[in-house]
Amino acid sequence: MTVLILTCTQDVTADLVVDRLRVRGVRVVRLDPADLPGAVGLSGEYGDGGLRGTLSVGDRRVGLGALRSVWVRRPGVAGSGGAQASAWLTQEATQALYGMLRGSGARWMNPPEASYLARHKPWQLRLAQECGLPVPATLITTVPGAARDFARRYRDLVVKPVSGAHPQDPPLVVPTSRVAPDADFDAVALGPTLLQRLVVKRADIRLTAVGDRLLAARKEVSPDAAPEDVDVRFAPSTRAWRAVGVPHRVAAGVRGYLDAARLAYGAFDFAEDHEGTWWFLECNQSGQFAFVELDTGQPITEAVASWLARPRPGG
Amino acid sequence: MRMFALDYARPAEDPQVTHAPPYRYDPLLQVNVLDDGRPAVRDHALLRELGSTTSTAGSKTHFDD
């Protein structure tokens, strides 16, 4: 039985898991859907009441029925890598690949339809609330008056992308940023804007959930950190991530979240305030984990490899 | 006037310029390897230095950091 990993070639985090699976003697096929058609081949025949299909990349071939699990890590857009790339080819390649794989009976980290929903940050906030995780007061709006009223009530705000994505034309990054005290909110009329009460934090928390395993790490805010540096991804820091236990209520909330979202993997970000409360910020359904493992030594790669290596249902 | 959040944007680093990694993908091993043939992931110091596995890696094409 084989583990199928869908990711781009530059993904060294996937390398960690490929390496670990090889040590365990588990067969792996790694490919990028961007290379379908081309370097990646796909064929499936429906007949005699069943589906028989194969995937190939280079000299490697795997039958769809021989897949124990599929890890959707950092895949390229199906059909986008070739000279004939087009929106229609992408649609055709996406349907062919994921449609057939979905019928393979393999276990998924994570199911594509669950991933699609789980990427919606506004939905994440609501689900976190329903699961009992504290969520900072948040407003998503295109109404300047609503933004001004929110700012009056909560005073110190941050702004962040609703989608979590960054503009590409031209390439920019939009870190979570503290809103200027004299901000003019007229421009929220030009696009949905996510404003959130600033959590004055003493640490950032990254909780990586792999199946039933919860591995949390904590990074203290430097005492000399600039007040404007609120986004741990972009803030300069000399502090390292340290392993930390997961409070019982948080663990229960996270497990409820994963069940409701039907996710096998999730990387949760929290801000820990000065009372010790972990405020839910987001859950990245394919979030990076190696940077935490490098600092803490937590066995996240091993947890992912173990999950992927398990037999398929009924297998 | 532009979208509110863009007032807080900053230029993205060009990965082609700033992060050309000293490894390449080996389709036989299915991992990235260094010039000496070792898997790049065995060199933790290099991964730290390059930030290849940090939560901003891959932000250009993926928003699940």
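**Exercise 1. A small sheet in chain A**

In what sense, and over how many bridges, do strand S4 (residues 50-57) of chain A and S5(A) pair? Work out the sheet around them.

Before you start: this is a predicted model, where local features need pLDDT of at least 70 and side-chain atom pairs count only at pLDDT 80 or more, while totals for chains, interfaces and linings use all residues. Residues are numbered from 1 along each chain as its sequence is written, and chains are lettered from A and ligands numbered from 1 in the order in which they are written.

Solution.
- Step 1: S4(A) and S5(A) pair in the antiparallel sense over 4 bridges. Strands are DSSP runs of E with at least two residues, helices are runs of H or I with at least four, and both are numbered from the N terminus. Pairing takes at least two DSSP bridges between two strands.
- Step 2: pick out a facing pair. Ser56(A) sits opposite Arg61(A) of S5(A).
- Step 3: widen the view. The open sheet has 3 strands in the order S3-S4-S5 (chain A), paired antiparallel. At its edges lie strand S3 (40-47) and strand S5 (60-63) of chain A, each pairing on one side only.

**Exercise 2. Strand S12 and its neighbours**

Find out how enclosed strand S12 (residues 193-197) of chain A is, and who pairs with it.

Solution.
- Step 1: 4 of the 5 residues of S12(A) are buried, so the strand is largely enclosed by the rest of the structure. Buried means that 20 or more other C-beta atoms lie within 10 Å of the residue's own; exposed means 12 or fewer, partly exposed is in between, and C-beta atoms are placed from the backbone.
- Step 2: S8(A) runs antiparallel to S12(A), joined by 4 bridges; Thr141(A) has Thr193(A) as its bridge partner.
- Step 3: strand S9 (residues 157-160) of chain A also pairs antiparallel with S12(A) over 4 bridges, and here Lys160(A) is matched with Leu194(A).

**Exercise 3. Helix H4 and the core**

Which residues of helix H4 (residues 121-130) of chain A are buried, and what covers them?

Solution.
- Step 1: the buried ones are Lys121(A), Gln124(A), Leu125(A), Leu127(A) and Ala128(A).
- Step 2: their cover includes strand S8 (138-141), helix H6 (248-261) and strand S17 (278-284) of chain A.
- Step 3: look at Tyr257(A). Among its contacts are Leu127(A), Ala128(A) and Cys283(A), leaving out residues up to four places away in sequence. Contact means C-beta atoms, placed from the backbone, within 7 Å.
- Step 4: Val70(A) and Tyr257(A) touch the most other members of the largest nonpolar core, which has 79 residues. Such a core is a set of buried Ala, Val, Leu, Ile, Met, Phe, Trp, Tyr and Cys residues joined through C-beta atoms within 7 Å.

**Exercise 4. Where the chains meet**

How many residues does each chain bring to the contact, and which strands join up across it?

Solution.
- Step 1: chain B gives 34 residues and chain A gives 40 residues.
- Step 2: on chain B, the elements that give two or more residues are strand S1 (10-11), strand S3 (31-34) and helix H2 (44-50). H2(B) has the largest share, 3 residues.
- Step 3: strand S10 (residues 172-173) of chain A and S1(B) run antiparallel, joined by 2 bridges. Leu172(A) faces Pro11(B) there.

Notes
Contact = placed C-beta atoms within 7 Å.
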